[in-house]
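Subject: Structure handover

Hi,

Here is the structure I promised to pass on to you. Have a look at it first, and then read on for my notes.

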Amino acid sequence: MAGLAAVANAATIATGQQDTGGQTRLGNEITQDMSARDAAAARRKRGLDLREQAAKAASARLAADAEARKKQDEAQQQMAGGPGAANPADSQFDELARIYQAMKPKAAAVVFEQLDMEVQMKVAQRMRERSTAMIMAAMTPKGAAALSMAMARRNAGARPAGQPQTAAARPQGGAPAARR
(Lines give C-alpha, C1' and ligand atoms only; values in the text may rest on other atoms or scores of the structure.)
Protein backbone atom coordinates (compact mmCIF):
# COMPACT_ATOMS: atom_id res chain seq x y z
CA MET A 1 0.00 0.00 0.00
CA ALA A 2 2.79 2.39 0.79
CA GLY A 3 4.20 1.85 -2.66
CA LEU A 4 0.88 2.66 -4.23
CA ALA A 5 0.61 5.91 -2.27
CA ALA A 6 4.12 6.92 -3.33
CA VAL A 7 3.25 6.32 -7.00
CA ALA A 8 0.02 8.35 -6.66
CA ASN A 9 1.89 11.27 -5.04
CA ALA A 10 4.56 11.17 -7.74
CA ALA A 11 1.87 11.23 -10.44
CA THR A 12 0.11 14.21 -8.80
CA ILE A 13 3.36 16.16 -8.54
CA ALA A 14 4.24 15.36 -12.14
CA THR A 15 0.88 16.57 -13.50
CA GLY A 16 0.91 19.72 -11.30
CA GLN A 17 -2.42 18.99 -9.64
CA GLN A 18 -1.92 19.68 -5.97
CA ASP A 19 -4.60 20.34 -3.42
CA THR A 20 -4.97 24.12 -3.12
CA GLY A 21 -7.91 24.08 -0.72
CA GLY A 22 -5.82 25.09 2.27
CA GLN A 23 -4.24 28.50 1.49
CA THR A 24 -1.63 30.00 3.69
CA ARG A 25 -1.98 33.24 5.61
CA LEU A 26 0.23 35.04 3.04
CA GLY A 27 -1.91 33.74 0.20
CA ASN A 28 -5.06 35.05 1.91
CA GLU A 29 -3.51 38.52 2.44
CA ILE A 30 -2.43 38.72 -1.20
CA THR A 31 -5.94 37.77 -2.34
CA GLN A 32 -7.50 40.38 -0.04
CA ASP A 33 -5.06 43.07 -1.19
CA MET A 34 -5.83 42.30 -4.84
CA SER A 35 -9.58 42.47 -4.14
CA ALA A 36 -9.20 45.81 -2.36
CA ARG A 37 -7.08 47.16 -5.21
CA ASP A 38 -9.64 46.01 -7.78
CA ALA A 39 -12.46 47.66 -5.79
CA ALA A 40 -10.49 50.95 -5.55
CA ALA A 41 -9.81 50.85 -9.28
CA ALA A 42 -13.51 50.29 -9.95
CA ARG A 43 -14.39 53.31 -7.73
CA ARG A 44 -11.85 55.49 -9.55
CA LYS A 45 -13.21 54.38 -12.92
CA ARG A 46 -16.76 55.15 -11.81
CA GLY A 47 -15.63 58.62 -10.62
CA LEU A 48 -13.84 59.30 -13.89
CA ASP A 49 -16.90 58.24 -15.86
CA LEU A 50 -19.08 60.62 -13.83
CA ARG A 51 -16.60 63.47 -14.38
CA GLU A 52 -16.52 62.77 -18.10
CA GLN A 53 -20.33 62.86 -18.25
CA ALA A 54 -20.38 66.14 -16.31
CA ALA A 55 -17.76 67.65 -18.63
CA LYS A 56 -19.75 66.62 -21.70
CA ALA A 57 -22.93 68.12 -20.23
CA ALA A 58 -21.12 71.37 -19.38
CA SER A 59 -19.65 71.53 -22.87
CA ALA A 60 -23.09 71.06 -24.40
CA ARG A 61 -24.52 73.83 -22.15
CA LEU A 62 -21.70 76.20 -23.13
CA ALA A 63 -22.23 75.49 -26.80
CA ALA A 64 -25.97 76.11 -26.45
CA ASP A 65 -25.31 79.38 -24.57
CA ALA A 66 -22.84 80.52 -27.22
CA GLU A 67 -25.34 79.76 -29.96
CA ALA A 68 -28.07 81.66 -28.09
CA ARG A 69 -25.76 84.67 -27.63
CA LYS A 70 -24.82 84.57 -31.28
CA LYS A 71 -28.48 84.60 -32.31
CA GLN A 72 -29.20 87.41 -29.85
CA ASP A 73 -26.29 89.48 -31.19
CA GLU A 74 -27.48 88.93 -34.76
CA ALA A 75 -30.98 90.04 -33.79
CA GLN A 76 -29.62 93.16 -32.10
CA GLN A 77 -27.49 94.00 -35.14
CA GLN A 78 -30.49 93.64 -37.43
CA MET A 79 -32.52 95.92 -35.18
CA ALA A 80 -29.68 98.47 -35.10
CA GLY A 81 -29.59 98.74 -38.88
CA GLY A 82 -27.47 95.86 -40.01
CA PRO A 83 -24.09 94.47 -39.02
CA GLY A 84 -21.39 96.98 -38.26
CA ALA A 85 -23.66 100.03 -38.00
CA ALA A 86 -21.33 102.50 -36.22
CA ASN A 87 -19.81 99.66 -34.18
CA PRO A 88 -16.28 99.82 -35.65
CA ALA A 89 -15.89 103.49 -34.69
CA ASP A 90 -17.23 102.83 -31.20
CA SER A 91 -14.87 99.91 -30.72
CA GLN A 92 -11.94 102.10 -31.79
CA PHE A 93 -12.81 104.69 -29.14
CA ASP A 94 -13.29 101.94 -26.55
CA GLU A 95 -9.84 100.58 -27.40
CA LEU A 96 -8.29 104.05 -27.15
CA ALA A 97 -9.97 104.57 -23.79
CA ARG A 98 -8.47 101.32 -22.49
CA ILE A 99 -5.04 102.33 -23.79
CA TYR A 100 -5.12 105.78 -22.16
CA GLN A 101 -6.39 104.30 -18.88
CA ALA A 102 -3.46 101.90 -18.86
CA MET A 103 -0.93 104.69 -19.37
CA LYS A 104 0.46 106.87 -16.62
CA PRO A 105 -1.67 110.05 -16.44
CA LYS A 106 1.25 112.42 -17.10
CA ALA A 107 2.31 110.56 -20.25
CA ALA A 108 -1.28 110.12 -21.41
CA ALA A 109 -2.00 113.85 -20.95
CA VAL A 110 0.81 114.87 -23.30
CA VAL A 111 -0.54 112.70 -26.10
CA PHE A 112 -4.20 113.28 -25.23
CA GLU A 113 -3.89 117.04 -25.74
CA GLN A 114 -2.63 116.52 -29.28
CA LEU A 115 -5.84 114.73 -30.32
CA ASP A 116 -8.77 116.36 -32.06
CA MET A 117 -11.33 117.71 -29.57
CA GLU A 118 -14.07 115.36 -30.85
CA VAL A 119 -11.78 112.37 -30.34
CA GLN A 120 -10.78 113.62 -26.88
CA MET A 121 -14.45 113.85 -25.88
CA LYS A 122 -15.41 110.43 -27.19
CA VAL A 123 -12.42 108.77 -25.55
CA ALA A 124 -12.90 110.64 -22.25
CA GLN A 125 -16.58 109.63 -22.13
CA ARG A 126 -15.61 105.95 -22.42
CA MET A 127 -12.98 106.15 -19.69
CA ARG A 128 -13.52 105.70 -15.96
CA GLU A 129 -14.09 109.02 -14.22
CA ARG A 130 -11.01 108.64 -12.03
CA SER A 131 -8.74 107.99 -15.03
CA THR A 132 -10.19 110.95 -16.92
CA ALA A 133 -9.72 113.20 -13.88
CA MET A 134 -6.09 112.15 -13.42
CA ILE A 135 -5.31 112.74 -17.10
CA MET A 136 -7.07 116.12 -17.07
CA ALA A 137 -5.11 117.10 -13.95
CA ALA A 138 -1.87 116.37 -15.80
CA MET A 139 -2.97 118.36 -18.89
CA THR A 140 -2.21 122.03 -19.36
CA PRO A 141 -4.90 124.26 -17.85
CA LYS A 142 -5.91 125.48 -21.29
CA GLY A 143 -6.26 121.92 -22.67
CA ALA A 144 -8.16 120.67 -19.60
CA ALA A 145 -10.51 123.67 -19.74
CA ALA A 146 -11.17 123.17 -23.45
CA LEU A 147 -12.00 119.50 -22.92
CA SER A 148 -14.20 120.33 -19.93
CA MET A 149 -16.12 122.93 -21.91
CA ALA A 150 -16.58 120.60 -24.87
CA MET A 151 -17.86 117.83 -22.62
CA ALA A 152 -20.18 120.25 -20.81
CA ARG A 153 -21.61 121.52 -24.09
CA ARG A 154 -22.21 117.98 -25.27
CA ASN A 155 -23.84 116.99 -21.97
CA ALA A 156 -26.00 120.14 -21.98
CA GLY A 157 -27.16 119.33 -25.50
CA ALA A 158 -28.09 115.80 -24.41
CA ARG A 159 -30.33 117.06 -21.54
CA PRO A 160 -34.06 116.59 -22.14
CA ALA A 161 -35.94 119.78 -23.14
CA GLY A 162 -38.32 119.74 -20.15
CA GLN A 163 -35.55 119.48 -17.53
CA PRO A 164 -34.89 122.78 -15.67
CA GLN A 165 -31.46 124.36 -15.59
CA THR A 166 -29.38 124.00 -12.48
CA ALA A 167 -28.41 127.06 -10.43
CA ALA A 168 -24.92 127.03 -11.93
CA ALA A 169 -26.32 127.03 -15.48
CA ARG A 170 -28.79 129.95 -14.99
CA PRO A 171 -27.86 133.32 -16.47
CA GLN A 172 -26.01 135.67 -14.10
CA GLY A 173 -27.26 139.14 -13.13
CA GLY A 174 -30.95 138.30 -12.93
CA ALA A 175 -31.64 139.34 -9.32
CA PRO A 176 -35.26 139.23 -8.20
CA ALA A 177 -37.12 142.56 -8.09
CA ALA A 178 -38.07 142.22 -4.42
CA ARG A 179 -34.44 142.42 -3.29
CA ARG A 180 -33.74 145.87 -4.72
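To start with the rings: how many aromatic pairs does the count come to? The count comes to one aromatic pair. Its two members are Tyr100 and Phe112, which meet edge-to-face, with 5.2 Å from centre to centre and 85° between the planes. Because Tyr100 belongs to helix α3 and Phe112 to helix α4 (residues 105-112), the pair ties together parts that are 12 residues apart in sequence. Both Tyr100 and Phe112 are buried. Please keep in mind throughout that this is a predicted model.

Now to the charged side chains. The count of salt bridges comes to six, and I will go through some of them here.

One of them joins Asp94 to Arg126, where the closest N and O atoms are 3.0 Å apart. This pair links distant parts of the chain, since Asp94 sits in helix α3 (residues 87-102) and Arg126 in helix α5 (residues 117-126), 32 residues apart. Are the two partners buried or exposed? Asp94 counts as partly exposed, at 32% relative accessibility. Arg126 is partly exposed too, with a relative accessible area of 29%.

Helix α3 also holds a salt bridge between Glu95 and Arg98. The closest N and O atoms of Glu95 and Arg98 are 2.6 Å apart. In sequence, Glu95 and Arg98 are three residues apart, which is about one turn of the helix. Glu95 has a relative accessible area of 39%, so this residue is partly exposed. Arg98, with a relative accessibility of 48%, counts as partly exposed as well.

Over in helix α5, Lys122 and Glu118 make a salt bridge at 4.0 Å, N to O. About one helical turn separates Lys122 from Glu118, because they are four residues apart in that helix. Lys122 is partly exposed, with a relative accessible area of 24%, and Glu118 is also partly exposed, at 36% relative accessibility. What else is linked with Glu118 and Lys122 in a network of salt bridges? The further member is Arg154, so you may want to look at Glu118, Lys122 and Arg154 together as a network of salt bridges.

Next, the surface. Leu26, Ile30 and Met34 form a nonpolar patch there, and together they have about 290 Å² of accessible area. Met34 is found in helix α2, which covers residues 25-79. With a relative accessibility of 42%, Met34 counts as partly exposed.

Finally, a word on Thr132, which lies in helix α6 (residues 129-138). Is Thr132 buried or exposed? Thr132 counts as buried, because its relative accessibility is 10% and the cut-off for buried is under 20%. Which residues does Thr132 contact, leaving aside its neighbours within four places in sequence? Thr132 is in contact with Ala124 and Met127.

If you open the model with these notes beside you, helix α3 could be a handy place to begin: Asp94, Glu95 and Arg98, and Tyr100 are all found there. From helix α3 you can follow the Asp94 salt bridge to Arg126 in helix α5, or the aromatic pair from Tyr100 to Phe112 in helix α4.

Happy browsing, and best wishes!

How values were computed
Residues numbered from 1 in each chain as written. Predicted model: local features only at pLDDT ≥ 70, side-chain atom pairs only at ≥ 80, totals over all residues. Heavy atoms only, no water. Helix = DSSP H or I, 4+ residues; strand = E, 2+ residues; numbered from the N terminus. Buried < 20%, exposed > 50% of the residue type's maximum accessible area, 1.4 Å probe, protein only. Phe/Tyr/Trp six-rings, centres within 6.5 Å; stacked < 30°, edge-to-face > 60°. Patch = residues over 30% accessible without salt bridge, like charges linked within 9 Å, V, L, I, M, F, W, Y side chains within 5 Å. Areas by Shrake-Rupley, 256 points an atom, 1.4 Å probe, with all protein chains shown as cover. Contact = heavy atoms within 4.5 Å.
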